[in-house]
Amino acid sequence: MAAHDYRTSIEAARRALASADKIIVGGGAGLSDAAGLTYGGARFGELFAPWIERYGIPDMYAGGFYPYPTEEERWAYWAKHVLANHFDEPPLALYADLLRLIEGRDFFVITTNVESQFEKSGFPTTRIFEVQGNYGFIQCAKGCHDALYPDERLMRAMAARTEDLRIPRELVPACPVCGGPMDIHVRKDAFFVEDGTWREASERYGAFVRSCASARTVLLELGVGFNTPGIIRYPFENMALNDPENVTLVRLNRDQPRGWAENGECTVTFAEEMSQVIADLTREGDRP
């Protein structure tokens, strides 16, 4: 679409959703941010004031990559981070609204988020592909073997026993195979573990994408920027480019709504507040 008029764009997105045979949801960091799971600002300052004062970390994302002097300090940070963003964070309203929008439709979710809000909010796990990992697990830091380990009990024990921004040495996890350090299951280097569950989700997603061939498809892209555009953003643009007659790309992105010029006629973009857009698309009595 050329010029942006909010009401016209809402109606165009609604028509595309109403006629779609398939819906692929692409969820990025901007989705969680819009839902209230912010990694910076006031929430970060309130939760991590001691870490900010000692280490000068600017936000939670940077805190995960900070070179802490000891393993005890590194895991004290991660315990706080994982509990705040995964285990202690309830299902968020925006995700519930999104589910209501596409419930009963043939859909699949691909996400770079690792907080499991899709699963928490009721999306079927068999229709979710968490490409970049999951805060609920740890792995060998060097990926020496293909296994993940649930970490809630460990994270809670660490948080309960954190003193002076350190955990006791005996709580620092070691790989049960090689004896080396462990890491949160988040893709940050070449050692990210793609276990059997990950591979099965990848295969299901691939099969769903293939099933969209020649089907009327909506690509509902939510808060996906350019940190890892090769996972969702560029593949979505390519799908639209290859089949503009059947594919509509609906992009909700406050800061980076513009996409490929070649896809202008089959793309509907919104830079408005995501929660408002989803609410307008799901309002009672007028749902696709």
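How many bridges join β2 to β3? Three of them do, and the two strands run parallel. Keep in mind that this is a predicted model. Here's a quick tour, starting with the strands, moving on to the pockets and finishing with the charged pairs.

**Strands β1, β2 and β3**

- Let's start with β1, which covers residues 22-27 and is mostly covered, with six of its six residues buried.
- Look at which way the β1 residues face: Lys22, Ile24 and Gly26 point one way, while Ile23, Val25 and Gly27 point the other way, and all are buried.
- On one hand, β1 is joined by six bridges to strand β7 (residues 217-222), and the two run parallel.
- If you want a spot to look for that pairing, Ile24 has Leu219 as its bridge partner in β7.
- β1 also pairs with strand β2 (residues 107-111), again running parallel, through five bridges.
- Here you can pick out Ile23, whose bridge partner in β2 is Phe107.
- β2 is largely enclosed by the rest of the structure, because five of its five residues are buried.
- Phe107, Val109 and Thr111 point one way from β2, Phe108 and Ile110 point the other way, and all are buried.
- Going on from β2 to β3, you'll find Thr111 with Glu130 as its bridge partner in β3.

**The largest pocket**

- The largest pocket comes in at a volume of about 1300 Å³.
- It takes 50 residues to line the largest pocket, and Ala29, Tyr39, Tyr61, Asn113 and Asn227 are the ones that lie nearest its centre.
- Four elements, α2 (29-35), α5 (60-63), α6 (71-87) and β6 (182-186), each put at least two residues into the lining of the largest pocket.
- Of the elements, α2 gives the most to the lining of the largest pocket, with five residues.
- Sorted by class, the lining of the largest pocket has 22 nonpolar, 16 polar and 12 charged residues.

**The second largest pocket**

- Next up is the second largest pocket, with a volume of about 440 Å³.
- It is lined by 21 residues, and those closest to its centre are Glu119, Glu130, Asn134, Phe137 and Thr197.
- Glu130 is a name you've already met, as the β3 partner of Thr111.
- The elements that each supply at least two residues to the lining of the second largest pocket are α6, α8 (117-120), β3 (128-130), β4 (133-140) and α10 (196-211).
- The lining of the second largest pocket splits into seven nonpolar, nine polar and five charged residues.

**A buried glutamate in α6**

- Helix α6 is where you'll find Glu73.
- Is Glu73 buried or exposed? Glu73 is buried, because its relative accessible area is 4%, and buried means under 20%.
- Apart from its neighbours within four places in sequence, Glu73 is in contact with Tyr55, Tyr68, Leu165 and Arg166.

**Salt bridges**

- Side chains of opposite charge can pair when their charged atoms come close.
- Across the whole structure, a search turns up 22 salt bridges.
- One of these is between the side chains of Arg199 and Asp146, at 3.0 Å from N to O.
- Arg199 sits in helix α10 and Asp146 in the loop between β4 and β5 (149-150), so this pair ties together parts that are 53 residues apart in sequence.
- Arg199 counts as partly exposed, at 37% relative accessibility, and Asp146 counts as partly exposed too, at 42%.
- Arg166, which you saw in contact with Glu73, has a side chain that meets the side chain of Asp164 in a salt bridge (2.8 Å, N to O).
- With a relative accessible area of 32%, Arg166 is partly exposed.
- Glu237 and Arg251 also meet through their side chains in a salt bridge, at 2.9 Å from N to O.
- This pair links distant parts of the chain, with Glu237 in helix α11 (residues 233-242) and Arg251 in strand β8 (residues 247-252), 14 residues apart.
- Glu237 and Arg251 are both buried.
- Finally, there's a network: Glu71, Arg74, Asp183, Lys188 and Asp189 are joined into one by salt bridges that share partners.

Note on methods
Residues are numbered from 1 along each chain as its sequence is written. This is a predicted model: local features need pLDDT of at least 70, side-chain atom pairs count only at pLDDT 80 or more; totals for chains, interfaces and linings use all residues. Side-chain values use heavy atoms; hydrogens and water are left out. On a 1 Å grid over the protein atoms alone, a cavity is a set of points where a 1.4 Å probe fits but cannot get out, and a pocket is an open set with protein on both sides within 12 Å along at least five of seven lines; lining residues have an atom within 4 Å of a point. Grid points are joined across faces, edges and corners, and a volume is the space filled by probe spheres set on the points. Ala, Val, Leu, Ile, Met, Phe, Trp, Tyr, Cys and Pro count as nonpolar, Asp, Glu, Lys and Arg as charged, and the others, Gly among them, as polar. Buried means under 20% relative accessible area, exposed over 50%, partly exposed in between (1.4 Å probe, protein chains only). Contact means heavy atoms within 4.5 Å. A salt bridge is a side-chain nitrogen of Lys or Arg within 4 Å of a carboxyl oxygen of Asp or Glu. Two strands pair if DSSP finds at least two bridges between them.
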